[in-house]
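Hi everyone, thanks for making the time. I'd like to walk you through one model today, so please have a look at it with me.

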Amino acid sequence: MGRKRKNYYFTERTEAAIIRYNNTDSVRLKNKIYNEHIRSAFDKLCENIIHTFKFYYFDTSSEEVKHEVVSFLVMNMHKFDSTRGSKAFNYFSIIAKNYLILNNNAN
């Protein structure tokens, strides 16, 4: 009783949406898939990485940094290859963390 259920924000459905996003050439469909299935997962992923690893040494607010990282993930979404065995969550977590490390060190 009273067991807290975890709220998984980056699920298999999110990964399936990323694969669908990558497999379509329709800009309208890409926007629909992103807004309905990917946007909130990317937002939460970046927010968690910024706070978990304490990436606070930027000249801008955490919210602006988060938007920058989300943009970076979207620009690199086409590089995710589900056939290579990596889960989307792991792949995008590493990309976000590496982006933050590089930019954090620059500051």
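**Salt bridges, buried polar residues and a helix pair**

Let me begin in helix 2, where Glu 47 and Lys 44 both sit, three residues apart, or about one turn of the helix. One thing to keep in mind throughout: this is a predicted model.

Those two residues form a salt bridge, and the closest N and O atoms are 3.5 Å apart. How exposed are the two partners? Glu 47 has a relative accessible area of 29%, so it is partly exposed. Lys 44 is partly exposed as well, at 35% relative accessibility.

As a reminder of the chemistry, side chains of opposite charge can pair when their charged atoms come close.

Now, how many salt bridges does a search of the whole structure find? The count is four. Let me show you some of the others.

Helix 2 also holds Lys 32 and Glu 36, whose side chains meet in a salt bridge at 2.8 Å, N to O. These two are four residues apart, so about one helical turn separates them. Lys 32 counts as partly exposed, with 45% relative accessibility, and Glu 36 is partly exposed too, at 48%.

Next, please move to helix 3, which covers residues 62-75. Here the side chains of Glu 63 and Lys 66 meet in a salt bridge, 3.3 Å from N to O. They are three residues apart, so again the separation is about one helical turn. Is Lys 66 buried or exposed? With a relative accessible area of just 7%, Lys 66 falls under the 20% cut-off, so it is buried. Its partner Glu 63 counts as partly exposed, at 43%. And here is how things link up: through salt bridges that share partners, Lys 44, Glu 47, Glu 63 and Lys 66 are joined into one network.

Let's turn to helix packing. Two packed helices are described by the angle between their axes and the distance between the axes. For helix 2, residues 27-52, and helix 4, residues 88-106, the angle is about 50 degrees and the axes are 10 Å apart. The two helices are therefore oblique to each other, and their crossing is right-handed.

Which residues make this contact? From helix 2 we have Phe 42, Leu 45, Ile 49 and Ile 50. They meet Phe 89, Phe 92, Ser 93, Ala 96, Lys 97 and Leu 100 in helix 4. By type, the residues of this contact divide into eight nonpolar, one polar and one charged.

While we are in helix 4, have a look at Asn 104, which also lies there. Asn 104 has a relative accessible area of 15%, so it is buried. Not counting residues up to four places away in sequence, what does Asn 104 touch? The answer is Phe 55, Tyr 57 and Phe 58.

My last stop is Thr 14, in helix 1, which spans residues 12-22. Thr 14 is buried, with a relative accessible area of 5%. If we leave aside its neighbours within four places in sequence, Thr 14 is in contact with Tyr 9, His 37 and Ala 41.

That's my tour, and I'm happy to go back to any of these places with you.

Technical notes. Residues are numbered from 1 along each chain as its sequence is written. This is a predicted model: local features need pLDDT of at least 70, side-chain atom pairs count only at pLDDT 80 or more; totals for chains, interfaces and linings use all residues. Side-chain values use heavy atoms; hydrogens and water are left out. Axes are lines fitted to C-alpha atoms, for helices over the stretch in contact, and angles run from 0 to 180 degrees between N-to-C directions. Angles under 35 degrees count as roughly parallel, over 145 as roughly antiparallel, 65 to 115 as roughly perpendicular and the rest as oblique. A crossing is left-handed if the near helix is turned anticlockwise from the far one by less than a right angle, and right-handed if clockwise. Contact means heavy atoms within 4.5 Å. Ala, Val, Leu, Ile, Met, Phe, Trp, Tyr, Cys and Pro count as nonpolar, Asp, Glu, Lys and Arg as charged, and the others, Gly among them, as polar. Buried means under 20% relative accessible area, exposed over 50%, partly exposed in between (1.4 Å probe, protein chains only).
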